[in-house]
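User: Please take a close look at one part of this model, the loop that joins the helices, and then work outward to the helices themselves. A connected account is preferred to a list.

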Amino acid sequence: MPTAPPNPANAPPTPLFQNAKERRKLDDMADLFAIIKATEHLEIAYGRDSVTQKEYTTECLKLISQFRSTETALIKNGTIRSSE
């Protein structure tokens, strides 16, 4: 008689990091991803005329600044070599 497959709901949680350095690395990578996704959403909103050119420019400049600082942190800690 075959046994039922294990239930993922009952499985113990899998840790994503072992220490503070690894957690910081994941947080920084998540921040970079969030900035990229926010930029994509801003582009869509601008394309649909949901935001004015002034709002688009203001928000885009903020996202570029956030991207650069997050990218610099990831390069310094060796997580990425470059975003290019």
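Analyst: Asp-49 sits in the loop between H1 and H2. This is a predicted model, and the values below are computed from it. The phi angle of Asp-49 is near 60 degrees, which is a positive value in a residue other than glycine. Is Asp-49 buried or exposed? Its relative accessibility is 68%, so Asp-49 counts as exposed, the cut-off being over 50%.

The helices on either side of this loop are H1, residues 20-47, and H2, residues 53-76. One contact between them involves aromatic rings. A search of the whole structure finds one aromatic pair. The rings belong to Tyr-46 and Tyr-56; their centres are 4.2 Å apart and their planes make an angle of 25 degrees, so the pair is stacked. Planes under 30 degrees apart count as stacked. The pair links distant parts of the chain, with Tyr-46 in helix H1 and Tyr-56 in helix H2, ten residues apart. The two tyrosines can also be described by accessibility. Tyr-46 has 29% relative accessibility and therefore counts as partly exposed, whereas Tyr-56, at 16%, counts as buried.

Tyr-56 also belongs to the largest nonpolar core, which has five residues: Ile-35, Leu-42, Tyr-56, Cys-60 and Leu-63. Helices H1 and H2 are the elements that give two or more residues to this core. H2 gives the most, with three residues.

Charged side chains come next. How many salt bridges does a search of the whole structure find? The search finds four, three of which are described here. In helix H1, the side chains of Arg-23 and Asp-27 meet in a salt bridge at 3.8 Å, N to O. These two residues are four apart in that helix, about one turn. Arg-23 counts as partly exposed because its relative accessibility is 44%, and Asp-27 is also partly exposed, with a relative accessible area of 34%.

Asp-28 and Arg-24 form another salt bridge, at 3.4 Å, N to O. Both lie in helix H1, four residues apart, again about one turn of the helix. Asp-28 has a relative accessibility of 4% and so counts as buried. Not counting residues up to four places away in sequence, Asp-28 touches Thr-70, Ala-73, Leu-74 and Asn-77.

In helix H2, the side chains of Lys-62 and Glu-59 meet in a salt bridge at 3.2 Å, N to O. Because they are three residues apart in H2, about one helical turn separates them. Lys-62 counts as partly exposed at 45% relative accessibility, as does Glu-59 at 34%.

Glu-71, which also lies in helix H2, is buried yet has no salt bridge. The nearest side chain of opposite charge is that of Arg-68, 6.4 Å away; a salt bridge requires nitrogen and oxygen within 4 Å. With neighbours within four places in sequence left aside, Glu-71 is in contact with Ile-80, Ser-82 and Ser-83.

Finally, Gly-78 is placed in the segment after helix H2. At 57% relative accessibility, Gly-78 counts as exposed. Gly-78 and Thr-52 are 26 residues apart in sequence, and their C-alpha atoms are 38 Å apart in space.

Terms used
Residues are numbered from 1 along each chain as its sequence is written. This is a predicted model: local features need pLDDT of at least 70, side-chain atom pairs count only at pLDDT 80 or more; totals for chains, interfaces and linings use all residues. Side-chain values use heavy atoms; hydrogens and water are left out. Buried means under 20% relative accessible area, exposed over 50%, partly exposed in between (1.4 Å probe, protein chains only). A nonpolar core is a set of buried Ala, Val, Leu, Ile, Met, Phe, Trp, Tyr and Cys residues joined through side-chain atoms within 4.5 Å. Rings of Phe, Tyr and Trp (its six-membered ring) pair if their centres lie within 6.5 Å; planes under 30 degrees apart count as stacked, over 60 as edge-to-face and the rest as tilted. Lys and Arg count as positive and Asp and Glu as negative; His and the chain ends are not counted. Contact means heavy atoms within 4.5 Å.
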